[in-house]
Number of protein chains: 2
Amino acid sequence: QVLARTNGHSNNNGQSNGNHRAPLIQIDHFGFLEDGTFKQRYLVNNEHWDQKGGPILFYTGNEGDITWFCNNTGFMWDVAEDLGAMLVFAEHRYYGESLPFGQDSYSDTKHLNYLTSEQALADFAVLIRELKRKVLGAQESPVIAIGGSYGGMLSAWLRMKYPNVVVGALAASAPIWQFPDMVPCGDFYKIVTQDFARSGLNCDVNIRRSWKAIDNISATDDGLQWLSGEFSLCSPLKKTDLDGFKAWLQETWVNLAMVDYPYEANFLQPLPRWPIQVVCKHLSFDPSSVSDYQLLGGISEAARVYYNYTGNCPCLNTSSTATGNLGFIGWYYQACTEMVMPLCTDGVQDMFEPQDWNFQAFSDECNSLFGVRPRADWAATVYGGLDIASHSNIIFSNGGLDPWSSGGVTRNISDSVVAIVIPDGAHHLDLRYNNEYDPHTVLSARIQEVEYFKLWITQARKLQIPG
Amino acid sequence: QVLARTNGHSNNNGQSNGNHRAPLIQIDHFGFLEDGTFKQRYLVNNEHWDQKGGPILFYTGNEGDITWFCNNTGFMWDVAEDLGAMLVFAEHRYYGESLPFGQDSYSDTKHLNYLTSEQALADFAVLIRELKRKVLGAQESPVIAIGGSYGGMLSAWLRMKYPNVVVGALAASAPIWQFPDMVPCGDFYKIVTQDFARSGLNCDVNIRRSWKAIDNISATDDGLQWLSGEFSLCSPLKKTDLDGFKAWLQETWVNLAMVDYPYEANFLQPLPRWPIQVVCKHLSFDPSSVSDYQLLGGISEAARVYYNYTGNCPCLNTSSTATGNLGFIGWYYQACTEMVMPLCTDGVQDMFEPQDWNFQAFSDECNSLFGVRPRADWAATVYGGLDIASHSNIIFSNGGLDPWSSGGVTRNISDSVVAIVIPDGAHHLDLRYNNEYDPHTVLSARIQEVEYFKLWITQARKLQIPG
């Protein structure tokens with residue numbers, strides 16, 4: 001279903017469409033000592049494009065392979081015909097095939113130095129200007145930025161920083177306020193917990209109890225062996241693995257909350273419809289009536305819903321929780337520099353073990369991993385923090401089930417910086433293809449989004465009339 | 001009249017006022033490999049400041065020593081009491097005492113790498129946030145950016161890029177459109193020429209003829225010697241100096257056009273009131289009635305008005321045309337990277353020798369001087385080019401006599417991105433102290449500017465009311 005092309009590095013497995021020459025993008029937009037360039041991959045579809053200035057929907061790529069985001073952003077494909085729109089999916093530098101220094105891009109701190117959101121935004125701005133210059137008929141095309149999650153943050157920021165380049169932005173599930181001193185660090189895990197609480201009797205309570213059960217059972221070697229067997233772990237658990245094992249489980253519940261979609265889907269993992277409800281069926285027992293072994297037996301069944309819905313998984317691997325299409329090292333570097341997003345748990349309002357947000361420990365870990373230290377205050381300075389009212393033409397959509405809505409914009413800021421809340425939606429559900437199981441709230445969100453697009457396009461065309 | 005303070009490097013010759021600790025500013029805001037910091041100098045006056053949230057007028061420093069700009073921006077001092085405003089003058093990195101690498105800052109391309117407008121804007125944003133955090137009573141203070149010339153460009157861009165940090169900007173004589181493909185490259189020198197044409201009979205005609213006269217006379221050694229004597233040059237002219245000599249004269253006329261103020265002033269040089277009229281008195285003869293020697297005799301008298309109004313100058317130095325407070329090498333580096341401003345002459349609509357804009361030659365010169373090449377298209381991408389209508393709360397003021405108005409915004413873009421034209425004004429006349437000789441057009445410009453300030457301050461206070 002994806003008609004895609006790459007920029008010359010290599011051909012995508014999709015069908016080529018169009019014949020644009022990739023612009024050479026500066027590796028460093030903000031300095032002139034490093035004057036090298038790289039090829040940024042982008043995918044184009046102009047099947048429905050009105051070549052007389054029809055709009056361009058421009059996906060601002062996230063921390064991963066762009067073809068994967070392209071395939072998981074059906075909304076753009078669904079609305080292209082109605083809008084007469086060209087679709088462009090631009091890959092974020094340092095991910096997928098868009099590697100500024102090829103295989104050396106991740107080799108050391110020096111090569112990683114150009115992996116920042118500001119550089120990525122500049123890439124998108126340069127690419128859009130190049131496309132408009134080079135593609136016949138695109139000179140006057142209004143461009144709308146679209147993205148989800150970190151890609152949604154980039155969409156909003158692209159409109160904020162380059163309003164000359166994009167006429168508006170749809171920022172889906174974009175936690176632009178998940179930075180220090182903007183929102184309470186505990187909200188994220190509270191939402192995860194609520195998702196489980198509402199999806200089955202005792203579900204959150206049993207997960208909250210599981211951590212202590214793991215401590216109890218893992219206290220003996222027999223218990224460790226039992227745990228490894230019960231969870232069908234690929235590598236048997238050692239005492240020193242326990243924190244990692246718990247973190248893996250915690251991330252599993254978080255990921256389930258993100259992809260709690262109303263239909264079968266394969267985003268982070270292949271999953272059934274409303275996967276948390278399926279998970280919670282294994283955790284519905286009365287917490288006072290089960291042993292630690294029975295409790296963890298339920299937990300292992302629950303985890304298998306996430307990791308082995310297809311039944312093809314011979315063992316569970318605690319070193320990974322999601323698709324390989326995401327660039328985890330790159331993202332961790334970004335978290336260790338600009339994308340400082342405090343999260344914390346208290347074990348009371350959430351179902352996790354209490355853990356404070358400890359910036360110093362995080363900074364030290366970043367320093368030992370990458371030789372860099374995060375700058376906690378920079379994102380608020382450069383991207384406006386809570387004070388974004390002077391911008392225009394941005395939609396922030398958020399799903400009520402999505403833990404990342406904790407850092408999202410969920411109320412209207414002005415007439416043209418608006419929020420759309422989708423109570424039954426998980427992580428950027430609105431960006432996915434229409435589906436028969438979609439709740440009406442996401443259908444109406446998509447309708448509103450397209451109405452805003454049309455408004456922005458009309459505004460942009462009016463501005464072009466001389467005088 | 002200037003109450004100023006520095007940040008700890010050393011004390012200003014003005015009076016210290018306030019006791020703020022200078023924040024350490026990142027040398028590289030856009031990368032994390034270079035994690036060093038430097039001390040940015042800024043000057044503060046809070047004599048008239050209303051400590052209960054009174055506004056801050058923040059001068060975004062240009063390419064030079066901030067104390068000099070502070071002393072030449074009397075407007076801010078004149079309006080401080082009426083507004084209850086704190087005055088802050090922030091020095092631009094790499095100029096004055098704000099040297100990121102101390103004495104090594106200019107040592108090579110590597111050390112110069114952080115001299116960009118984006119870094120400077122980030123410095124200002126960080127400094128403002130720090131001041132608001134640290135200075136008691138400033139937490140809710142609305143900040144207005146003010147600047148002239150390149151500093152005015154920075155003011156406008158600060159509002160465009162960091163609207164969360166400044167509520168509005170006065171960009172005086174800011175040629176934000178003097179970049180490739182935005183305005184005709186010849187307009188600048190046309191305005192210079194018009195200034196001379198209107199200031200005395202035959203004035204532009206005689207200057208236009210002078211270039212050929214210089215060629216004629218300098219063809220012989222005797223002629224060269226005559227020229228050196230006639231102009232009282234500090235170093236006798238050689239054949240190879242001729243292009244430099246002409247460039248020096250050309251820059252002299254340009255500078256006169258910039259500082260053609262209606263009263264005695266000392267900006268680039270100490271000068272009489274309406275200096276071009278004084279210059280033109282020496283160039284009013286009928287062009288057909290004089291010899292080359294007589295013509296150049298007039299030119300040398302005219303040049304002396306600019307270089308020796310005080311009568312203290314024993315000889316004229318063709319390697320310099322203006323105050324030493326400006327950082328010429330730094331500015332030339334900036335021109336060689338981001339600040340690519342095409343200028344050209346045709347000798348018909350202007351009074352100069354025809355010269356095309358030659359980007360390639362310029363780029364090659366930059367490469368040989370600094371080891372960098374300019375990026376002609378970058379400023380348009382990052383700062384919006386002609387398309388700035390989606391921004392708000394920016395005043396662009398321009399003087400009709402100022403050659404830089406060629407690249408300025410001289411018509412209203414929207415209700416809140418507005419232009420003020422001062423027909424009798426030279427380069428940012430509106431930023432200077434009130435003077436009895438001020439034309440009424442600059443007085444009314446200043447009144448309008450303050451009215452906009454008050455509007456922005458009121459808007460900002462309304463936004464702070466909860467709900």
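The following questions and answers concern a predicted model and deal with chain A and its relation to chain B.

Student: How many helices and strands does chain A have, and how does its radius of gyration stand against the globule rule?
Tutor: The secondary structure of chain A comprises 15 helices and eleven strands. For 467 residues the globule rule gives 23 Å, and chain A is as compact as a globular protein of that length because its radius of gyration is close to that value, at 23 Å.

Student: What percentage of the residues in chain A are buried?
Tutor: A residue is taken as buried when its relative accessible area is under 20%. Of the 467 residues in chain A, the buried ones make up 61%.

Student: Among contacts in chain A between residues at least 6 apart in sequence, what share joins residues at least 24 apart?
Tutor: A contact here requires heavy atoms within 4.5 Å. Once the pairs are restricted to residues at least 6 apart in sequence, the share in chain A that joins residues at least 24 apart is 71%.

Student: How far apart are the mean positions of the positive and negative charges of chain A?
Tutor: Chain A carries 32 positive and 51 negative charges. The separation between the mean positions of these two sets is 6 Å.

Student: Which residue of chain B has the C-alpha nearest the axis that relates the copies?
Tutor: Chain B is superposed on chain A by a rotation of 180 degrees with 0.0 Å of shift along the axis, at an RMSD of 0.0 Å. The two copies are therefore related as by a two-fold rotation axis. In chain B, the C-alpha nearest that axis lies 2.9 Å from it and belongs to B:Lys161.

Key
Residues numbered from 1 in each chain as written. Chains lettered and ligands numbered in written order. Predicted model: local features only at pLDDT ≥ 70, side-chain atom pairs only at ≥ 80, totals over all residues. Heavy atoms only, no water. Helix = DSSP H or I, 4+ residues; strand = E, 2+ residues; numbered from the N terminus. Rg over C-alpha atoms; globule rule 2.2 N^0.38 Å. Buried < 20%, exposed > 50% of the residue type's maximum accessible area, 1.4 Å probe, protein only. Lys, Arg positive; Asp, Glu negative; His and termini not counted. Charge placed at Lys NZ, Arg CZ, Asp CG, Glu CD. Least-squares fit on C-alpha atoms with pLDDT ≥ 70 in both.
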